[in-house]
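Here's a quick briefing to read alongside the model. Keep the viewer open as you go through it.

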Amino acid sequence: MARAPEAKPTPATASAKPSQTPNAWVQGIWQPPHGLKQTAIWPDGAPDMQGVVQGPERIEIAQTPDALEGRTSEAAWDVAAPTMTVFPPKGENTGVAMVVFPGGGFKAVVVTKQGTEICGWIASKGITCILSKYRVPKSNHHWDSQCKCAVTPKIPRALQDAQRTIRLVRARAGELGVDPNRIGAMGFSAGGYLVVQTSNIFEPAYKPVDAIDTISSRPDFAIAFYPGHLCRSGASLDPGIRVSPRTPPTFLLQAWDDPVDEICNSTVYARALDAAGVQAEVHLFAKGGHAFGLRRMEHPVVAAWPSLVENWLVEIGVLRPKGH
């Protein structure tokens with residue numbers, strides 16, 4: 001694969017109080033926390049990569065004293081070989097699995113703040129967490145539309161990876177110790193858009209490669225935080241998202257003052273869910289900005305959302321009530 005000229009992209013990781021220290025860059029494949037293993041999701045390489053020109057994968061490292069573990073955060077850039085990393089449940093296994101799609105604007109995959117830290121919390125609830133490192137860039141409509149390259153535009157490579165990951169988890173439910181009918185998707189920002197896509201696009205976005213692609217990629221429940229790319233001209237829903245009664249129960253959460261993805265992204269999707277009769281829970285906080293994850297902040301959204309999500313999972317019957 002030819003290497004594109006080096007560029008200085010806009011940093012994808014940011015703490016509540018950004019450090020003045022410039023972010024560091026490391027050439028190489030992102031590695032998960034010690035003791036965990038990431039595995040390729042495609043048996044013979046990812047599909048539809050012919051003609052894609054980009055540099056090798058590299059890692060952006062930001063100084064973030066507010067990180068939940070350590071003092072740095074990482075984001076993976078130029079991902080061409082998508083993977084998944086399994087975080088086993090801590091304590092009693094509930095039999096539930098959650099596939100997490102970090103954000104990053106389809107430019108990068110923010111693997112710490114919206115990935116490993118989230119999976120740590122999910123695993124602490126007895127839920128198996130699967131962290132998706134999907135292809136970026138040139139991997140969804142937002143970036144393919146701007147691509148001046150010799151490839152067919154608008155190939156949804158990130159959606160291909162998202163669908164394949166959910167199918168893999170369902171195919172391996174037995175070895176993972178999870179119920180194939182209790183596999184959910186959680187996403188942040190661009191990852192929230194992937195959650196919405198997988199919730200409504202059920203046919204493979206790629207040519208099937210093996211028997212795993214006959215398995216459903218529909219999540220059994222969906223959680224989208226500050227999703228992007230849904231609200232289009234005239235406050236209308238992305239025409240590629242066709243909500244129906246098959247759309248899974250959905251949890252939406254966003255801050256009204258989000259400077260990156262307007263609140264319309266959540267409200268327009270919530271209206272579509274309501275019109276289709278899909279069970280949903282929606283939380284719109286006055287303040288919180290964008291990409292807050294689980295990092296401590298002055299506004300109540302971070303302190304509130306974990307219990308809101310956990311209670312919702314009980315309400316829809318995914319988790320048992322405490323003490324049962």
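What follows is a short overview, then bullets by topic.

This is a predicted model, where local features need pLDDT of at least 70, side-chain atom pairs count only at pLDDT 80 or more, and totals for chains, interfaces and linings use all residues. Residues are numbered from 1 along each chain as its sequence is written, and side-chain values use heavy atoms, with hydrogens and water left out.

**The big picture**

- The protein's secondary structure adds up to 7 helices and 14 strands; helices (H or I, at least four residues) and strands (E, at least two) are DSSP runs, numbered from the N terminus.
- Out of 324 residues, 54% count as buried, where buried means under 20% relative accessible area, exposed over 50%, and partly exposed in between (1.4 Å probe, protein chains only).
- Take the contacts between residues at least 6 apart in sequence: 79% of them join residues at least 24 apart. Contact here means heavy atoms within 4.5 Å.
- About 14,100 Å² of the protein is exposed, and carbon and sulfur atoms supply 54% of that. Accessible areas come from the Shrake-Rupley method with a 1.4 Å probe; for residues, only the protein chains shown count as cover.

**Parallel strands and crossovers**

- Start at strand β10 (residues 221-225), where 5 of the 5 residues are buried.
- Both of its faces are covered: F221, I223 and F225 are buried on one side of β10, and A222 and A224 on the other.
- Strand β9 (residues 183-188) runs parallel to β10, and 5 bridges join them. Strands pair if DSSP finds at least two bridges between them. Here G187 has A224 in β10 as its bridge partner.
- β10 also runs parallel to β13, with 4 bridges joining the two; F225 is partnered with L253 in β13.
- Moving on, strand β13 (residues 250-255) pairs in the parallel sense with strand β14 (residues 280-285) over 6 bridges, and F251 sits opposite E281 in β14.
- A right-handed β-α-β unit is made by β9, α5 and β10. Right-handed means that, with the strands pointing away from the viewer, the path from the first strand over the helix to the second runs clockwise.
- Another right-handed β-α-β unit is built from β13, helix α6 (residues 264-276) and β14.

**A closer look at S199**

- S199 belongs to helix α5 (residues 190-200) and is buried, at 1% relative accessible area.
- Leaving aside neighbours within four places in sequence, S199 touches P219, A222, T247, P248 and Y269.
- Its C-alpha atom is separated by 5.7 Å from that of R218, and these two residues are 19 apart along the chain.

**Salt bridges**

- A search of the whole structure turns up 12 salt bridges, each being a side-chain nitrogen of Lys or Arg within 4 Å of a carboxyl oxygen of Asp or Glu.
- R164 and D210 form one, with the closest N and O atoms 2.9 Å apart. R164 lies in helix α3 (residues 157-171) and D210 in the loop between α5 and β10, so this pair ties together parts that are 46 residues apart in sequence.
- The two ends sit in unlike surroundings: R164 is buried, at 2% relative accessible area, whereas D210 is partly exposed, at 27%.
- R170 and D220 also meet through their side chains in a salt bridge (2.9 Å, N to O). This pair links distant parts of the chain, with R170 in helix α3 and D220 in the loop between α5 and β10, 50 residues apart.
- R170 is buried, at 13% relative accessible area, and D220 counts as buried too, at 19%.
- D220 has a salt bridge with R218 as well (3.9 Å, N to O). R218 counts as partly exposed, at 22% relative accessibility.
- Elsewhere, D66, E117 and R295 are joined into one network by salt bridges that share partners.

**A nonpolar surface patch**

- W256, V282 and L284 form a nonpolar patch on the surface, with about 280 Å² of accessible area together. Patches are made of residues with over 30% relative accessible area and no salt bridge; like charges are joined within 9 Å, and nonpolar side chains (Val, Leu, Ile, Met, Phe, Trp, Tyr) within 5 Å.
- Look for W256 in the loop between β13 and α6; W256 counts as exposed, at 52% relative accessibility.
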